[in-house]
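This report looks at one helix and at the two pockets that come first by volume. The sequence and the structure are shown below.

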Amino acid sequence: MSKDVTNLTLLCDYYEYTMANGYVEAGLSDRIVYFDMFFRNVPDNGGFAIMAGLEQIVERIENMRFDESDIEFFRSKGTFGEKFLDYLRGFRFTGDVYAVPEGTPIFPGEPIVTVRAPAAQAQMLETLLLLTLNHQCLIATKANRIVRAADGRGVMEFGSRRAQGSEAAILGARAAYIGGCVGTACTISDKVYGIPASGTMAHSWVQMFDTEYDAFVEYCRLYPTNAVLLVDTYNALESGVPNAIRAFKDTRITKGGIRLDSGDLAFLTRKAREMLDAAGLKDIRIVASNSLDEFIIRDLIDQGACIDAFGVGDRLITSHSSPVFGGVYKLAAVEDGEGRIIPKIKISNNTAKITTPGFKKVYRLFDRDGKAIADQICLADETVDPSVPLTLFDPQAPWKKKTVSGFIAKELQVQVFKGGRRVYDSPSLPEIRRYCEEQIGTLWDEVKRFVNPQEYYVDLSQRLWQLKQDMLNNRAGPGE
């Protein structure tokens with residue numbers, strides 16, 4: 001599928017370039033470094049987040065380049081040396097990237113992307129990675145909460161007009177589809193990504209005709225296989241639903257739908273269902289919209305609302321209740337002249353901001369029933385042997401221990417770039433969506449609660465924990 005991939009290399013915080021210039025001037029630009037991207041908190045205080053946006057990361061890294069207009073722009077700033085400008089002229093990414101596949105449930109503190117690359121290159125990736133993954137992980141996570149609240153009823157993403165910019169609408173629809181939405185109102189997202197686009201009508205369509213009935217009949221005539229009529233332009237129960245019933249019968253449509261976008265949706269949908277069923281239109285679906293989120297949807301269902309599908313707009317596409325994902329990108333290690341990996345740590349008085357040093361990988365442990373037990377972050381040269389009992393412990397409270405045996409261990413990250421060459425093919429979007437649903441199914445229901453979920457443990461291996469403690473003890477001091 002053809003995509004319009006724009007060179008977004010300059011969509012970058014300015015200090016990435018001043019640091020990269022400094023690395024070049026100081027002779028450090030080619031020193032191999034390791035950066036981790038991770039996040040600290042799950043949006044909405046939920047139990048897990050969802051990885052999304054890797055396909056765009058791959059495309060954007062492949063397209064990183066600087067043309068002469070970019071170089072002239074840097075020269076005009078009076079800040080960058082000619083040596084750095086020459087470096088940019090022949091720039092291509094040459095490093096390694098490891099990442100958690102899209103659709104995977106992810107948890108705070110674990111590296112979801114690891115970059116091993118020359119220092120200047122790795123530094124220039126920071127903003128690109130963060131803005132892409134922070135956005136799509138956020139929307140996929142919110143969409144999945146809403147989809148789970150709908151309890152098997154379809155959820156359409158209806159948020160384009162409320163999204164914070166065109167790319168937020170297009171890629172937000174993509175992320176929402178990964179999270180479980182069945183489709184989108186965003187037409188271009190269908191063209192570019194194959195996300196099923198659909199829609200009903202606006203109040204303006206009804207108002208254009210002399211009568212509500214005329215508007216419904218004409219719509220049924222034009223779209224006999226997909227007529228969904230908006231019934232609350234005037235009065236839903238007194239005119240909208242009766243006129244819809246009449247229009248369906250006069251055009252001989254037995255499979256279509258009505259949409260309610262205002263009022264007490266629990267009451268109105270129950271009454272509308274009674275009216276439709278009494279008219280013999282049991283296969284006419286009821287769609288509800290109007291500033292919905294996971295909590296409103298859950299309450300509607302609990303109150304006996306007769307709703308077959310939901311259209312969710314601004315509270316999904318902006319993650320209205322928790323609009324920041326909070327991913328960060330931190331240096332974890334460097335290589336010395338002999339290729340030895342030297343771990344690095346960021347120390348802070350705020351313990352949540354203390355980083356985990358070293359080149360790492362993440363294992364997810366599953367029990368015999370396929371349920372996820374915990375994740376363990378290890379140093380890259382460690383392996384988890386499922387044939388040997390493994391003692392897990394809470395890194396913040398190491399006296400809290402649990403020994404597991406007979407488990408299955410799966411390494412979460414896959415290699416995406418090797419020596420600057422792409423070595424990973426992104427699955428199709430429907431495949432990512434199915435994988436996401438399957439992987440969420442491995443989580444315990446307690447972790448999936450909307451309020452006060454059970455904490456899913458992300459532990460450190462004994463070696464990694466000891467390394468971190470040693471570095472804290474040796475380097476402790478005032479931090480930010």
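In this predicted model, helix α1 is followed by Gly27, whose phi is positive, near 75 degrees. The helix itself runs over residues 14–25, and its 12 residues reach 17 Å from the first C-alpha to the last, which is close to the 16 Å expected at 1.5 Å a residue.

Which residues of α1 are buried? They are Glu16, Tyr17, Ala20, Asn21 and Val24, and because these residues cover an arc of only 135 degrees around the axis, they lie on the same side of α1. Their cover includes the helices α3 (68–76), α4 (82–89), α5 (119–124) and α6 (126–150).

The pockets form the second topic, and the table sets out their volumes and the classes of their lining residues.

| Pocket | Volume | Nonpolar residues | Polar residues | Charged residues |
|---|---|---|---|---|
| Largest pocket | about 830 Å³ | 17 nonpolar | 10 polar | 10 charged |
| Second largest pocket | about 550 Å³ | six nonpolar | 10 polar | five charged |

The largest pocket, with a volume of about 830 Å³, is lined by 37 residues, of which Arg40, Pro108, Gly109, Gln396 and Val458 are the closest to its centre. Two or more residues of this lining come from each of the elements β1 (32–39), β12 (327–335) and β21 (458–460).

For the second largest pocket, the lining consists of 21 residues, and those nearest its centre are Phe158, Arg161, Arg259, Asp261 and Ser289.

Note on methods. Residues are numbered from 1 along each chain as its sequence is written. This is a predicted model: local features need pLDDT of at least 70, side-chain atom pairs count only at pLDDT 80 or more; totals for chains, interfaces and linings use all residues. Side-chain values use heavy atoms; hydrogens and water are left out. Helices (H or I, at least four residues) and strands (E, at least two) are DSSP runs, numbered from the N terminus. The expected span of a helix is 1.5 Å times one less than its number of residues. Buried means under 20% relative accessible area, exposed over 50%, partly exposed in between (1.4 Å probe, protein chains only). The arc is that of the directions from the helix axis to the C-beta atoms. Contact means heavy atoms within 4.5 Å. On a 1 Å grid over the protein atoms alone, a cavity is a set of points where a 1.4 Å probe fits but cannot get out, and a pocket is an open set with protein on both sides within 12 Å along at least five of seven lines; lining residues have an atom within 4 Å of a point. Grid points are joined across faces, edges and corners, and a volume is the space filled by probe spheres set on the points. Ala, Val, Leu, Ile, Met, Phe, Trp, Tyr, Cys and Pro count as nonpolar, Asp, Glu, Lys and Arg as charged, and the others, Gly among them, as polar.
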